[in-house]
Amino acid sequence: MRSPMVRGLVGSVVVALASLVTSVVPQSSWVASLPITGDLRHSLLGRMVGLTFMVAGLGLMAWAWLAVGRRVMAGERLPLLRMTAYWSAPLLLAPPLFSRDAWSYAAQGALVANGYNPYDVGPGVLSGHIVEAVDPMWMQTPAPYGPLPLAYGGLVAHVTMNPYTLMLAHRLLAVLGIVLIAWAVPRLASACRVDPAFATWLVVLNPMLITHGIGAAHNDVLMIGLACSAFAIALTGRWGTAAVIAGAAAAVKLPGGLVVIAIAAVMSPLAGRLLRFASLAIAGAVSVLTLFTIGALTGVGSGWFGALDVPGLVRSPFSIANLIGMAASGVLGWLGEDTAAAQALQIVRLVGMVAALGLIAVLSLRSSIHYAARAVGIALLVVVVLGPSAHDWYFLWCLPFLAVARPGRKLTMIMTAVSLIFTIAAPLNSSLRGATIPILTTTALVIAAALPLLNHLRTMHPARKPAKVPVTAA
């Protein structure tokens with residue numbers, strides 16, 4: 001396996017096969033009754049074998065990605081988009097990786113098709129195969145997503161109520177998101193005077209995007225694709241169209257609308273702060289109008305604003321606000337201040353969001369295009385780390401914008417290392433909750449796989465100004 005393309009493809013095939021053992025699936029699905037993998041699913045030893053192969057496959061993909069990056073930074077011309085297609089193909093029909101969210105998407109689409117308002121009730125009002133694999137944590141919670149994926153899920157659910165087919169339909173949205181990212185990123189990189197091949201390698205071929213995007217079928221990828229496309233279209237002078245697309249990104253998940261920061265910079269690149277604020281207000285108004293129009297036209301409505309706190313039920317360690325809030329709550333509880341302890345987390349989360357909004361307001365006044373790209377990337381990162389909820393795949397939100405914003409050697413190394421770690425450590429997800437032996441085993445496997453690759457990363461020496469090599473699709 002000397003060729004990185006072949007190595008990455010083999011890794012993706014191993015991941016897809018391992019998912020037949022490790023992924024949570026409806027008991028009625030074809031995956032649960034497969035002859036060999038189905039038997040492995042029902043024993044602890046079998047699941048440990050599956051997790052071992054899963055981490056090994058992810059390690060192969062990460063190793064291949066680093067090898068490709070070394071050659072791209074050396075100025076070699078490589079078929080990056082074709083590699084992305086090859087590495088993605090084995091995951092298209094596989095069960096959802098690392099997370100049960102795709103099963104929630106399927107159930108929420110079924111809610112819409114059955115006439116329920118997904119912003120008022122959770123999947124628990126349904127019964128049968130459609131809810132077999134939904135995480136119990138989300139059975140009674142309303143949907144925190146925008147009207148676009150819910151309306152799409154409802155349309156598909158009118159055709160079939162098979163949860164696996166509905167999951168595959170949502171995976172198609174993730175594929176569309178990656179296609180949009182692959183179209184937009186080279187154009188944004190060229191506009192910001194960054195090598196398009198370097199940006200495509202760092203973002204599009206990134207195994208974190210492939211596995212968390214296509215593999216886990218998260219709708220975040222569609223949000224990112226629409227946001228990147230909005231920025232790229234704004235660069236052609238069609239800022240009105242760009243603002244509408246930004247509204248569509250927000251109609252998937254609200255943070256996608258932050259791309260209006262970049263659109264405003266394109267509208268008035270040399271203007272003072274007053275005109276920049278006016279441009280931001282105009283672009284923002286168009287995006288918000290689009291957001292509410294989509295809710296009205298689809299019939300789903302805008303009740304999701306009341307459900308935006310649902311993801312906060314998970315006290316993610318990736319959120320700084322959560323870490324500080326949980327620490328403060330623990331200390332106050334130890335001191336006997338039970339009332340204050342109960343309120344500490346919510347107060348810290350509120351302070352975190354206020355701080356995030358303040359920083360976003362400052363970032364909105366950045367001037368040049370590459371600074372605007374960086375401002376969007378930082379704004380999205382701030383929402384993740386200061387917000388009430390953060391998952392490992394949320395860091396994909398900021399990746400395309402930071403990658404095209406003339407990242408220096410240090411930032412490039414950080415983004416590469418974070419992508420590598422979040423790829424290999426992805427099996428340490430909520431489906432392992434409370435399972436001590438699988439958690440310890442997977443942690444040991446992740447450390448064993450990640451350390452050699454991190455050492456390999458140290459020898460890559462990404463250039464400050466990568467050679468201008470065009471991206472080829474062949």
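1. A good place to start in this predicted model is Y86, which sits in helix α4 (residues 80-88). Its relative accessible area is 36%, so Y86 is classed as partly exposed.

2. Y86 also belongs to a nonpolar surface patch of about 320 Å², together with L9, V13 and L17. Helix α1 (residues 4-22) is the main contributor to this patch, giving 3 residues. As a reminder, an α-helix has 3.6 residues a turn, so residues three or four places apart point the same way.

3. Next, the charged pairs: the structure has 2 salt bridges. One joins the side chains of E76 and R71, at 2.7 Å from N to O. E76 is partly exposed, at 33% relative accessibility, and R71 is partly exposed too, at 30%.

4. The other pair to look at is D220 with K253, a salt bridge whose closest N and O atoms are 3.0 Å apart. D220 lies in helix α10 (residues 220-234) and K253 in the loop between α11 (239-250) and α12 (260-267), so this bridge ties together parts 33 residues apart in sequence. With buried meaning under 20% relative accessible area, D220 counts as buried at 2%, and K253 counts as buried at 10%.

5. Finally, have a look at helix α7, residues 163-191. At 1.5 Å a residue, its 29 residues should span 42 Å, and the end C-alpha atoms are indeed 42 Å apart. N162 caps the N-terminal end of α7, with a side-chain oxygen 2.9 Å from the backbone nitrogen of Y164. Just after α7, R193 adopts a positive phi of about 60 degrees.

Methods
Residues numbered from 1 in each chain as written. Predicted model: local features only at pLDDT ≥ 70, side-chain atom pairs only at ≥ 80, totals over all residues. Heavy atoms only, no water. Helix = DSSP H or I, 4+ residues; strand = E, 2+ residues; numbered from the N terminus. Expected span 1.5 Å × (residues − 1). Polar contact = N/O pair within 3.5 Å; in protein donor to acceptor, adjacent residues only side chain to side chain. Patch = residues over 30% accessible without salt bridge, like charges linked within 9 Å, V, L, I, M, F, W, Y side chains within 5 Å. Areas by Shrake-Rupley, 256 points an atom, 1.4 Å probe, with all protein chains shown as cover. Salt bridge = Lys/Arg side-chain N within 4 Å of Asp/Glu carboxyl O. Buried < 20%, exposed > 50% of the residue type's maximum accessible area, 1.4 Å probe, protein only.
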